[in-house]
Amino acid sequence: AMAEQKFRVRARALVCVFVCVVMCGCGRDDFQEELVIRPLHSGDIYTSFQFRTLWETDFTRENKVSHYRLFPKSLGQVISKFSVRELHISFTQGYWRTMQWGQPYLPSPPGAELWVWFQDSLTDVDGTWKELTNVLSGIFCASLNFIDSTNTVQPSASFKPLGIGNVTDHRFLRYATLPREIVCTENLTPWKKLLPCGSKAGLAVLLKSEKLFHSSFHSQAVHIRPVCKDDQCKTTSWELRQTLNVVFDLHNSGQGKNEWSLFKMFSRTLTEACPVASSSKIYIDITDNSQGEQFELSPATPLLSQAVVLGDRRTFSVYDLTQQITFGTMRSLNLLIRGKSSDMLRPLLHAERYVAGYGLQTGEIHTLMYNNHPYRSFPVLLLDSVPWYLRLYIHTLTVTSKGKDNKPSYIHYQPSKDRVRPHLLEMLVQLPPNSVTEVTLQFERALLKWTEYTPDPNHGFYVGSSVISSLVPSIVAMDTNNSRERPLFSSFFPSKEESSYFVRVYTEPLLVNLPTPDFSMPYNVICLTCTVVAVGYGSLYNLLTRSFQIEEPSPGLAKRIANIIRKMRGVPPL
Amino acid sequence: MAAPLTLLLLVAVTVRAALFRSSLSELISERVEVVSPLTAWKRVIEGLALLDLGVSPYSGDVFHETPLTIYLFHFLVDYAEVTFMVSVAGSSVVVTYLILFQFRKQKFALEADRYPLDCLELIRSPKEMYYIPLKVAMFYLLNPFTILSCVAKSTCGLNNAIIALFILSTIKGNVLLSAIFLSLATYQSIYPLTLCAPALLYLMQRQYIPVNFRRASFWWFIVQYAFMYLGSLFVIICLSFFLLGSWDYLPSVYGFILSVPDLTPNIGLFWYFFAEMFEHFRLFFLCVFQINVFFYTIPLSIKLKEHPVFLIFMQLAVISIFKSYPTVGDISLYMAFLPVWSHLHRFLRNIFLVSCVLLACSALFPVLWHLWIYAGSANSNFYYAITLLFNVAQILLVSDYFYAFLRREHHLTYGLYLKRKDGSEATLVLK
C-alpha cells in the first residue's frame, strides 16, 4: 500500500510536470470570436465576424513547431516554410458602396486580393511568392495560381506592415489582385475549417453558405501578423484573424420588412459559445438609438460598451455568449432588430473610377476622390496597378481639384514590360476640403496574340481596383494604447496618433475591351501572308535568274502531233 | 533650278504649316498607318516624361527610340514642328542635288557611241533630264504620304533625311561621310545595313576598282569601308551608352525591331501574322521574315553590279515593304525616286493596275480601321485584307520597274527592234 501510494504520487507529479512542460514549451494560445451587427440607414444590415487566434510562438526558429492546438496547422506551416512575416488574403463578392453603407470595418476589393510581407532573411522572394500563391490556392480552393509576375507589384508606400517590425524595404512586399475571381461555397468551406471550433460551435454555426451568398456584399479574409504582447513589446505573438463581412439586402433577404433576426439572416440561432474561446461576444451598434426610438432590440441586454472606431465614438449593446444567461430559457439566442437606423454621417473619403473614351484604340482612366470634410484637407496615397496591355502614357497624367491643377508631391511610377510586369503608379495627392479631385490618365489598347485571350474575349479584361490609403482626421480622439483589451473590430488598424485614423478605400474594378483578331483564322493568315511574301520572292527570283530571249512561236496542235510521230519514226521534224 | 525648287519648298512648307495648326494634326498623329511604335511622337514625349520622372525610358515597353534621338529632342522638343519640316525640306533638297549631280556626270556623247543605232530613242536627252530633279523634289515634298508623316511628327522623317544624306555622300564619292551616314542610318533602324552593298559598288565604280573577287584592290577597298563603317557605328553605340549610362537601349531598340513583341496593326505583314501564329513556330517564322529583308541583297547586287543607283532604289523598296514596322513615311522615300526612271515607262506592264490598287487601298485603310475599331461592324480581317493588297501592289510596282529596267538594258545591248530568224517582229520573254 505504501509503495502504491508512492507510485501514485510520483505518477501524478510526473503528469503535472509533463503538462507544465508541454504548456510552457509551446506557448499559450488564445481564441476570441465576435460578431458586430450594424443596421444601415438604407434598411440593409451589415454583419462582421472576426475570429482571432493569438499564439506566442516563434515560427522562424530552426526546429519546426509541431504541436498545434488552436492555430491551424496548414497556415502555421505556410508561415514557417515561406518565411512570411505578414499575410493578408481576402475574397470578396460584390462592391462596397461607401456612400450608402458608410466605411467598412475591414475594407476589401472585389475579387481576390493577396499581399504578403516576407522576412528580410529571404533571398529569392519571387520564387517563394510563386510557391506561396500555389499553396494558398490549394488551401483556399481558389484559382490563386493565376497570380504571376504580370499581375504582381511591389508598392513602395501604400501597404506598410500592419504588425510590428522595422523592415520597410518594399523588395520584400508583394501585392496582387485577381478582380475576376468569384467567391462561392467552395471557398467558404476550407475557410471555416481553419477555425478552432470549425462550424460546429460558437459564432461559426451561423455561417451557412446558402444565406451568406444571398447578399449584396460578401467578403472573407485571413490576416496573419506578428503583434506585441504588451506595451514594452518584450515578447511577440502571432495573430491570426479570420474575418467575414456580409451586407444583407433589405429587399432580397429581408423581404422588404425592416425586421432583422439572426434566424432571418443566417437561418440559424446561437446555442453556445465555442468551448475553447476565451471571449465570445455579439456587438450591436446602437449609437443613435439610445432611447430605443429608432429600432428595437430583443432580447434586451444590460451590457453596454463604448468603442472608438472609424473616427467616431460608438455605443454597442453586448451579448456575452460565454454567460449561460444570454441564451435564456430556450437555450438559444435569436436576436431581433426591428426598425430602421438613423441617418449616418457622410463618410469623409470615398472614391469612384471609370473608363472614358470610345473605340478600341485608346481610352482614359478617370479616378474621382471625394473629400467630404468641411474644413480639413488631408493627403491620400493612390495606388494604381494597370495590366501591361493597357499602355499608360504618364505624360498625359492630370490631377485637378476644384478645376485647378493639383500637382502630386510624390509620384512613383514603374512602367510595364510587355508580358512581364504591370504598370505601377503611386501618388501622394493632397485633397482640399470639401472637394472632388479627378485623376485622369490616357492609355492605348494593345492587340494580343490569339492565345493570350480568355475563352470569352468580348467580355473584356479586368483592371484591378485602385487602392486609396489615407490618415483621415477623426472627430473624436483615437485610442493609441494598443495593448489594452479592446473589441476586435476597433483594433485591426493600429492608431499611432489620436487625431486621425487609417482608412483604405477601394475603387471599382474596370472592365475594358481590347481589339481582338479573328480566332478562326490562324491557318488562313499564315497561308495568305506567306503567299504575299512568295509573290515578292517569285517575281524577284524570275527577274534575277532568267534572261530575255526571243520567243519562237510554238507550232499548231496538228504539227506538234506530226512531229511526235516523226520523232518516233526517226525522221527529222517539220 | 533654284527658283522652281524654292517655290516648291514654299508650297510644301505652307501646306504642312496649315495642317500643323488645324485640328487634323491630332487625328493624323494617332493613325496607325502613319506612326508605328518605333516612330510615334507620342512615345517620344512619353520617353522624355519618364526621364523627367527619374525612370529610365527603356525600363518600360513604351519607348523604342535610340538614345541620340532622346538627346536631340531633349533640346528640340519645343521646336519639334520646325525640326520635322526642316528635315523633310532638307532631304528633298539633298535628293534633288544628288540627282542633279548624278546627271551631270553622264555625258551624252560618250553613251551614244556605245549603243546600237536604233536605241537612240531609249537614251535620255539632256532636255528630258533637266526637269527630273525638280520632279523628284515634287514627288517627295507633295506626296500625301510625306505630308501625313511630317504632320504626325513621326521620326521616320529624320530617318529618311539620314538615308538621303547617305545617298548624297555616296554619289559625291566621299567614302568617309558615306560610311558615317550609313552607320547612323543603321543605328536608327537596323535595315539600312543592306545599303552597304550598293554603296560599295558605286564607290568602287567611281574609283575605277574592278568588281572582281580575285583582285586585291577590291578586298582592300571593302576592308577600308568596313573599318570606317564599323568604327563609326562603335563610336555611336558607345556614345549612346554614356548618354544614359546603361545598355538597356539595346534590347529595347534592336531587340524590339527584331523580335516584334508589339502587335499594333500597321500597313505591314508582320502584325497579324504574329498575332495568329502558333507559339511553336513563332521563332522560326520570325527568323524567316527577318532574313527575307536581308536576303535579296546579294542576288540583287550580283545582277545590278553595273547599276548601283538602281540597286539603292531596289533595296530601299525591299526594306520599306518587308520591314517589321513599316509606315507610309518609308514608302514615300522610295516613291520619291520613281521620276528618275521615267524613261522606263514604255516598258512598264502593270502600272495602271498598281496605281489603282495603291490609291484604292490608301483610301480604304482609314475606312476599314474605323469599321473595326470604332463602329464594331467589321473585324480585323478586313483591315488585314487591305494590308495584303497594299503590299502586293507595292511588290508588283517594284518588280515592274525592275523588269522595265532589265528590258531596257537588254534593248540597249541588242537593239530596240528585234527580228526573229524569219525577219518578222519578235517578242521578248523571260526564260
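Which side chains meet in a salt bridge at 3.6 Å, N to O? In this predicted model, the partners are A:Arg391 and B:Asp262. The pair belongs to a small set, for the count between chain A and chain B comes to 3 salt bridges. Polar contacts can be tallied as well: 18 residue pairs, with both members at pLDDT 80 or more, are in polar contact between chain A and chain B.

Several elements of chain A take part in this meeting of chains. Those that give two or more residues to the side touching chain B are the strands β18 (390-401), β20 (410-414), β22 (435-445) and β27 (548-550), together with the helix α8 (522-545). Of these, α8(A) gives the most, with 16 residues. Sorted by kind, the residues on this side of chain A divide into 30 nonpolar, 14 polar and 11 charged.

It helps to step back and look at the contact as a whole. Chain A brings 55 residues to the contact, and chain B brings 70 residues. Between them, an area of about 5,800 Å² is buried. Carbon and sulfur atoms give 66% of that area.

One last feature can be followed from strand to strand across the two chains. The strand β27(A) pairs with strand β1 of chain B, which covers residues 428-430. This pairing runs in the antiparallel sense over 3 bridges. For a single example to find in the structure, take A:Phe548, whose bridge partner in β1(B) is B:Leu430.

Conventions
Residues are numbered from 1 along each chain as its sequence is written. Chains are lettered from A and ligands numbered from 1 in the order in which they are written. Side-chain values use heavy atoms; hydrogens and water are left out. Contact means heavy atoms within 4.5 Å. Buried area is the accessible area (1.4 Å probe) that two parts lose on being put together, summed over both. A salt bridge is a side-chain nitrogen of Lys or Arg within 4 Å of a carboxyl oxygen of Asp or Glu. A polar contact is a pair of N or O atoms within 3.5 Å; within protein, one must be able to donate a hydrogen and the other to accept it, and residues adjacent in sequence count only if both atoms are side-chain atoms. Helices (H or I, at least four residues) and strands (E, at least two) are DSSP runs, numbered from the N terminus. Ala, Val, Leu, Ile, Met, Phe, Trp, Tyr, Cys and Pro count as nonpolar, Asp, Glu, Lys and Arg as charged, and the others, Gly among them, as polar. Two strands pair if DSSP finds at least two bridges between them.
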